[in-house]
Amino acid sequence: MAGTIDQVKMKFSRIVNSRSYTRFSQSQNPDGDSSRVVVKLSVEGEEEEMDGTEQGHVQPDKYVRSSVSAPLNKLRILVCVGVMLTVFCVGLLIGYYVHRKSESPSCSLENSEVQENQDVNYASAPSMDWSDIVKLLNDKLSSENIKTKLSEYSQENRYAGSSVDNKLGDKIHALFTELNMEPWVDEHYVKLPYPSSSNPNKVWFGSDSEEIGSPKGFLAYSETGRKEGRVVYANYGELADLQNVQNEFKVNLNGSVVLMRTGKISMAQKVMNAAKMGAVAALIYPDQTDNKMSEDTELYGHVHLGSGDPYTPGFPSFNHTQFPPIKSSGLPEILAQTITYKMAKKIIAKMEVSNAPEKIKSNPSIYKLGPETHKVAVAVNNNLVDTKLHNVFGVIKGYVDPDRYVVIGAQRDSLSSGYDKSTVGTTLLMELARVFTELKKDGFKPKRSIVFASWTAGDFGNVGVTEWLEGYWASLDKKAFTYISLNGVVTGVGSFRASASPLLHTLLQNTLKKVKNTGSDLSLLQSYGGSLSPLLTTMQMDDAAYPFLAFSGIPSVSFSFGSNDTADYQYFGTNGDGKNKLNDVTIQKVVDLSLLAAQVAGQMALRLVHDHIIKLDVTPYGNVISNHVSAIISRVNSLKLDKVDKIESLSTAWLNSAKSSFGRAAASLAIDIKDSDMDDIEMCRIINNRIMKVEHNFLSPYVSLREVPFRHVFFGNGWQTATDLEKYLDDVHAKNASFDIDQVLNKFALLTWNIQGCANDLAGDIWSLDNEI
C-alpha cells in the first residue's frame, strides 16, 4: 500500500508541477498478451488526453524565487495542511482508480467486450455433454453432401502450382470465409521438376540403341542427363535384394542400370538403395503379378528420401529467403525413371539367364541378369520450375485455450488423376469444417482451437506440409498438439489400418469402439477384430502425417479403410486413381466409407478439444520404450556371449534406469490428473503442458536439423534412432560390421538421455524431481 501511495504522490506531483508529464496508454498486444503499456513523454505545446478528458495545451511553469518570505501564522498553516490533506485524498482516489483501470486489459469498448466474453467462456465452456456432441456430429454429417463434394472437387490437371490447383485453393479459402473461419494463406516459393515437353525422357536397349519408349510418367527430383550401363533385374529393390545380387550372385552393381518393380517399399527407397550399391540409373515399373493395371499404366512419384523442398533442407522456402546452394541428403543423385509394364517386358525379354547362378535360373521372376554386353541407356530431361505454392487454412477458435489447436489436413494437388489421394480427403476436410461450424452455432464451445489445412505439392514429397512446419517449427510444437491426416482414408473395403503416435493409441481405440460400422450394430473395432494392435502399422516417410510426428514432434495419426487382399491401394500415383477404380475396389461404398472416416476423424478432433485434460495418453509410450530397451539389452547380451572385444565395458544399467524413470513419471502424471480439480483452468493448463511436451522431447537435440530432419528417436530416420542402434548390434552379431565401442557408447548415451530428459520434463516442475525420477 505504501508503494501505491508513493506512486500516486509522484504522479500527482508531476501532473501539477512538471513541465511535461508522462502519458500511459494501453493497447492490444499483437504478440498475444492481453495488454501492454505504452509510455510517451509529452512535448510542449502537444495536445494531451488523460482519462478521456481533453487537457488542452500544457504551458511550461516558470519558477520564481521570492526575495522575501511571507510570514506564516497558525491559520495559514492549518489551511495549508487542510489543502494538502484534501489534495492527497483526491490524489489517492484518482490513483486507486488509475491503478484499477491499469489492471484491465484494455480501455476500449471493443477489447473490454472481448475480456468480458473470455470470462464468460471460461465459466461456461463446454456447455454440452460429450454424448450430445457425438450425436450432433453424426446427425450433421451428410452422405449427400459428401457425394456432392466428391463430384465438385474431382478435377483433372491439379498438379501443384497449376491454375487448377490455385483456383481450388481460392475456392476453399472462399468457403472458409463463408463459414466465418478467418482463413489465411501460407505462401512458399519452391522448385518443382517436370518433364520437358520438347525433350522427353527416353529409354533405349542394347548397343543398337533400340528405343524402348518415352514414358509420360516421371520421378520428381531425379538427376538429369543420360547414363548407360548393364541392366540388372532386382525384384522389389529392397536392400536385401540388391545385396543378394551383388554378394551372393557375385555381380558388381557399379555402373549398372537396376530394373525394379513397385511394391513393399517406396520408390524413393528403391532408388536410394540402388544408388548405395553404385548403380547409375534406376527403372521402376508396375508388375502385373502384383496388380491388375493395364500394360500402359504410367507411374508418377518422387525420389526424395525425405520431405519438403530438397533444395532448402531444414529451412522454409519463403519469398526473398537466401540460402547457399545445398541439396538434401535424401536425394540419391542418380537417374531415375518410371516405365510401363509393356516397356519393362521388352527389356526383360532380351535379358539372358544362361550364365546366371542357379538361384537366378530357378526363379527368374525374382532376379535376372543381363550379360555384360546388354546395356540399357536412360535419358532424364526434367526441368526445375520455380513455383509459388498456397497452403490454405481456416480456424474454429477455442474458448479457453485458443492458442492450442488440433490440425486436420488434406492434400488437394495430384500429378495424376488423384481421386483417392486428393479428392476424398479434400471433400472430408470441407465437410468437417461445415459440420464443426454448425456445432459451434448449436452451442458447442471447444476449449481449444481446430485448424483446417489444405496442403499442396504433396505428390512431390509433402512439400507444402513440410515447408509450413519448417517455417514455424520453433513454436508449433508448443501450440499444435495433434495432427489428423485425411489423405487416402478410403482405399478399399474389408480392412482398417492406422499409423499413429503412441500418445493417440488410446483415443483411436476408444473412437473405433464408439463409431458403428455401416449397416451393422457392431463398432468399427469389433468389425475389424476387436483389438487395436493388429490394425496398427509403422508410419512411413511418404505419409502426410510423418513430418508432423518425426520432424516437429507433434502427435499425429493417419488411417485408411482398405482391402483385405492387398496392403496398398495400387492406383496411387497413376491415372487409374479415378472415381471408377475407387468404386470398384470399394464395391460402390466410397460415400459410406467416407462418412465413416469423417466420423472417426471428427470424433477424435472433438474429443481433443472438449475435455479439460487433452486426451493424449502417455502410458503406451512406456510400452514402446520398454520394447526398444529390451531389444537393445538382448542384443548386448548376445554380443557378450560372443565375447566381442571391449563389449564388457558397455553397461545397459543407465538405459534401463531411464526406462523406469519414464514409467514412474507417467504414473505420477496419472495421479496428478486424478487428484486435480478439473474446474481449475490453470491447473489443467499446467498438466496439459506436461503432456504436450512428451512427443517433442523424443526429438534428438544432438543431431543437425538440416542434416537429419526426422530427429525422432523412435519414429525418425537416421543414426540417432533406437532402431538404427538395434540394427547395428545385429550387424555386429552377424559379423557384417565391426564393433566400434565409441560409436555404441555415444548412441547409448544420447538415446538414454533423450528418454531420461523426457521423463524429467513429464514429471513436472524441477522442484518436484528427485533421484527416483
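Is aspartate 139 buried, partly exposed or exposed, and what is its relative accessible area? Select aspartate 139 first: with a relative accessible area of 51%, this residue is exposed (buried means under 20%, exposed over 50%, partly exposed in between, with a 1.4 Å probe and protein chains only). The model is a predicted one, in which local features need pLDDT of at least 70 and side-chain atom pairs count only at pLDDT 80 or more, while totals for chains, interfaces and linings use all residues. Residues are numbered from 1 along each chain as its sequence is written, and side-chain values use heavy atoms, with hydrogens and water left out.

Add lysine 135, whose side chain meets that of aspartate 139 in a salt bridge at 3.0 Å, N to O (a side-chain nitrogen of Lys or Arg within 4 Å of a carboxyl oxygen of Asp or Glu). Both residues lie in helix H4, residues 130–140, four residues apart, about one turn of the helix (helices are DSSP runs of H or I with at least four residues, strands runs of E with at least two, numbered from the N terminus).

Next, select glutamate 187 and lysine 388, which form a salt bridge with the closest N and O atoms 3.5 Å apart. This pair links distant parts of the chain, since glutamate 187 is in strand S5 and lysine 388 in strand S16, 201 residues apart.

Finally, move to glycine 488, in the loop between strands S19 and S20, which counts as buried at 12% relative accessibility. Leaving aside neighbours within four places in sequence, glycine 488 is in contact (heavy atoms within 4.5 Å) with Asp420, Lys421, Phe559, Ser560 and Phe572.
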